[in-house]
Amino acid sequence: MIGPSASLRFTVLGPIRAWTGDEELGLGTPQQRAVLAALLLRRRHPLTVGELVDAVWGEDPPSGAVSVLRTYVSRLRKVLEPERETGADPQVMVSVADGYALRLPQDALDLDVFERRVGEAKRLRAAGDVHRAADLLHEALGAWGGAPLAGVPGPLADIERMRLSDYRLATLESRIEMDLELGCHAEIVPELRALIREHPLREEIGRLLMLALYRCGRQAEALAAYRAIRGTLVAELGVGPGPVLRELQHRILNDDPALTDPSPADPGPTDPAPTDPAPADPVPVDLGPADPAPQPSSAAHTQPPQTAPEQSAQSRPSPTEPAPAPRPALIAPAQLPADPPTFTGRAAELERLQSLLAEDGTGPAVVVISGMAGSGKSALATHWAHRIAPRFPDGVLHVDLRGFDPTGTAIAADDAVRGFLDALGVDPRQLPAGPDARAALYRSLLAGRRMLVVLDNARDTDQVRPLLPGAPGCLAVVTSRDQLTTLVAVDGARTIDLDLLPLSDARGYLARRLGMTRLAAEPRAASEIVTLCGRLPLPLATVAARAATHPDFPLSALVAELREGHGSLDAFAGADPATDTRTAFSGSYRLLAPATARLFRLLALHPGPDIDASAAAALAGAPLRETRPLLAALTRAHLLTEHQPGRYVLHDLLRVHAAELTQDHDTPAERDAAMRRTLDHYLDAACTAAARLSPDSPALLTAPDAAGPRDSADCEQALAWFAAEQPVLLVAVEQAATTGFEGHSWQLAWALMPFLQHAGRRSEQVAVQTIALAAAQRAGDRTGQAHCRRNLARAHVQAERYDNALAQAQHALDTFVELGDRSGQALAHGDLAEVLLRQDKLHQALRHQRHALHLHRAVGDRPGQAHACTRTGWILALRGEHSRALSYCRQALALSEEVGDRVTQAAVWDTLGHIHHRRGDHREAASAYERACDLNPGPGQGTSDPGPTVMAP
């Protein structure tokens, strides 16, 4: 690099600063520094404007953020490259496409220098040159100027601050370990005491402190440090120290001569250390007395450390203590797989598991972790087992039962028992002959011991029960896609039902796999990956693996791939069956009974987002009593979730899997029949509920019989049904419109109208009727078009868009005239009258209302006549024609009493009150208003078909 940029230097390992030569530069406001920090951390790679906005302000930037950002860049350019004012070409902060990048020489950034020194130190140590490696790490750590990116705001800075702080601490531990190898024990004890106070849960610092104290000949203080660390872990986390610390304590207690050898610092393998039982009360954190003046390191190692008599008494059993009873010589197995390195989150589940472990049960403890395929059950169980393994000093048994293996080769319970007996050191020649006898021997060997047994991927209770310990003191952790309810009912198992990952956990998982910097660079793409993966760990792992193997691919490109393949599971195909989402789902599906499997496939045809048992019965074409057990079986297998009592939801990716299966296994005619049954069910039920809300509306439809109840007991039940099913019905209108069921589409929209009007859902009214109108137009259904336009007019009236309402109502009237439908014409005239009345065009409104009354009389529609007379009386009353208005009101009152329409009766008495009030007869007016109030049955009862009726103020 030539020119002024060659003399630029930057620091991020502390406050962000910049120099040209010896002159420090002013970097401006904190947000401006955040822009520079983002470009520095990207290490010469470009950042788009959008990525910089996200780095500084996150997902809620202020208005004008892009303009402000460009101002910051312009100011930084003036500071970093003042020569640009004279027209020189940019050399440091350059524009790249829709963004910017920094061009910096080597060693211009302190983080680059630090990383290079750490890498060189690792190389030197591996080559055996510990002295030079330690000096290099001392030099590297000495360059830090405090908390990294101190004072820099923004989400990217927050993320990088945490990452860099962890990086520094890990490097510091490596440097201290090298100092221990070089014999500098006494010199580093004060530093280690300060570090353990600052990071009391970091066991590696505790290990280094214990070893340093022991090598200084301070055995008692080393053991006191162990007790303090252990007390803190128990008090804060509810767990004791890990095996490394426990083994070191064991070796210190036994004066292991190997510990005095300063190379290597790792205590090395030895006999398993005994596990400390958790104390009744947390041990107070006491890190011992202040350190004396450091002694020369050579003196500390001229002879092995001496143990004081009182220390020896504390560390050895009292001669008066009775010796423990002899026990069979069994191996202490340690069969747990490695703790998943990318395990993230699940804090609520871990807390729940920890609380279950703390319960004082009287029988053998069993914990069942269940969930759908790909939800991370095995990872959670393994991670938790590693955390609690120290509580089980007699060992850990583990078996993958392969209950849902795609090959169908599940492990037989007896084979698993044989494996456990072998792990416990039982001579195969001494095994009993029968499986029951072998299971009894297994339980006998576990009796009186504290062992952890992890049974992963269990198919059913029969596969699990022979493997359960038979006496207290042991814990069995079972994972399964089945809920294993028999274990809960009979064996008293506690359960954890694993849900989808919380959004924060899912993002955290991606961060562990891909790094926070990459996620912070494309936060929106990262969020969309989480959504498209359905917040399931398995598909997240597949996508993350692809992203990790292609670090140069932008996350947005991966999002595009997922979108393109969202109609299938191809985008989530793993390199082997264990990581393939389709294979995982197939393992659950393969075990279903034929009728249950068929229902699972057909669920892909349901509109969603959820379904009740009646609709499921219609979908399956089966009686309700036969369908409920199928739903229960799918729920137990975690292929369906009962998210509310009696309502079930299918995960998005499982819906995709079901859609693939129904295409493969069900004929087009079978799929078409299932959809028709489902739409018939919803149409029939919606018409029944709508009739309860508007009992006097004309019955436009004669829906076929369908599975499920038809008798909403009253208006409240109808409202409750609509409230529960409204999300389904809205999707069903659209699904029917696009799959050849146009008649169902507009009729469902018609049946929805009373509820949407009652609930004031104006936008939904317009949206659903627009979809239905387009469907009726495609089908050439003129009757459907006319009714959709009527409903659109009514929706526009509620939204006070009167011009739109007039246009739609007039279009409906013209269509009804064309069809010769006099009932429809009457309704459309009433709609026009209502719109004109809202616009105070009383003369035109009266003309349309008289047309409506004439047509209602012509077809013998008594409820329609009552409505028309009521509105005619009201219009005449507003015109001041009180005598004529009274005449129409009397007709309306007689008709509404005849048909039992209390809503219309109340409207008539309200109009009469208004007339009497205007005529000065206040006593009659008050009486009429009281009658109106007495008759008003409350919202939703009675008709809403004629549209809103303007009442007296």
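**Notebook: strands, helices and one tryptophan**

I began at the hairpin, where Gln644 has Arg647 in β14 as its bridge partner. I note for myself that this is a predicted model, so every entry here describes computed geometry.

**Entry 1: the β13 and β14 hairpin.** I looked up how the two strands are joined. Strand β13 covers residues 641-644 and strand β14 covers residues 647-649; they run antiparallel, with 2 bridges between them. Besides the pair I started from, I found Thr641 standing opposite Val649 in β14. Then I checked the turn. There are 2 residues between the strands, and Gly646 in this hairpin takes a positive phi near 80°.

**Entry 2: the sheet around that hairpin.** Next I wanted the strand order. I read it as β12-β14-β13, an open sheet of 3 strands with antiparallel pairing. Which strands stand at the edges? They are β12 (610-612) and β13; each has a single partner strand, so one side of each is left without a neighbour in the sheet. I also looked up the twist: ignoring direction, neighbouring strands of this sheet are turned by 45° against each other on average.

**Entry 3: another sheet, nearer the start of the numbering.** Here I found 3 strands in an open sheet, ordered β4-β6-β5, and the pairing is again antiparallel. The edges belong to β4 (47-48) and β5 (93-95), and since each has a single partner strand, one side of each is left without a neighbour in the sheet. I followed the pairing of β5 with β6 (residues 99-102), which run antiparallel and are joined by 3 bridges. In that pairing I marked Ser95, which stands opposite Tyr100 in β6. I then asked which helix lies across β4, β5 and β6. I found helix α1 (residues 30-41) there, running at about 65° to β6.

**Entry 4: a helix pair.** I moved on to α32 (residues 782-798) and α33 (residues 802-819). Their axes are 8 Å apart and the helices pack at an angle of about 155°. An angle over 145 degrees counts as roughly antiparallel, and α32 and α33 are therefore roughly antiparallel to each other. I noted their crossing as left-handed.

Which residues meet across this pair? On the α32 side I listed, among them, Arg782, Ala786, His787, Arg790, Leu792, Ala793 and Val797. On the α33 side the list includes Tyr802, Ala805, Gln808, Ala809, Ala812, Phe816 and Leu819. Sorted by class, the contact of α32 with α33 has 10 nonpolar, 7 polar and 4 charged residues.

**Entry 5: Trp721.** I picked out Trp721 and found it in helix α29 (residues 715-738). Leaving aside neighbours within four places in sequence, Trp721 is in contact with Tyr682, Ala685, Ala686, Ala689 and Leu729. I looked more carefully at one of these: Ala689 and Trp721 are 32 residues apart in sequence, with their C-alpha atoms 7.5 Å apart in space.

**Entry 6: the chain overall.** I finished with the totals. I counted 39 helices and 14 strands in the protein chain. How many of its 953 residues count as buried? The share is 50%. Of the contacts in the protein chain with a separation of 6 or more, 69% are between residues 24 or more positions apart.

How values were computed. Residues numbered from 1 in each chain as written. Predicted model: local features only at pLDDT ≥ 70, side-chain atom pairs only at ≥ 80, totals over all residues. Heavy atoms only, no water. Pairing = 2+ DSSP bridges. Helix = DSSP H or I, 4+ residues; strand = E, 2+ residues; numbered from the N terminus. Contact = heavy atoms within 4.5 Å. Axes fitted to C-alpha atoms, helices over the stretch in contact; angles between N-to-C directions. Parallel < 35°, antiparallel > 145°, perpendicular 65-115°, else oblique. Left-handed = near helix turned anticlockwise from the far one by under 90°. Nonpolar A, V, L, I, M, F, W, Y, C, P; charged D, E, K, R; others polar. Buried < 20%, exposed > 50% of the residue type's maximum accessible area, 1.4 Å probe, protein only.
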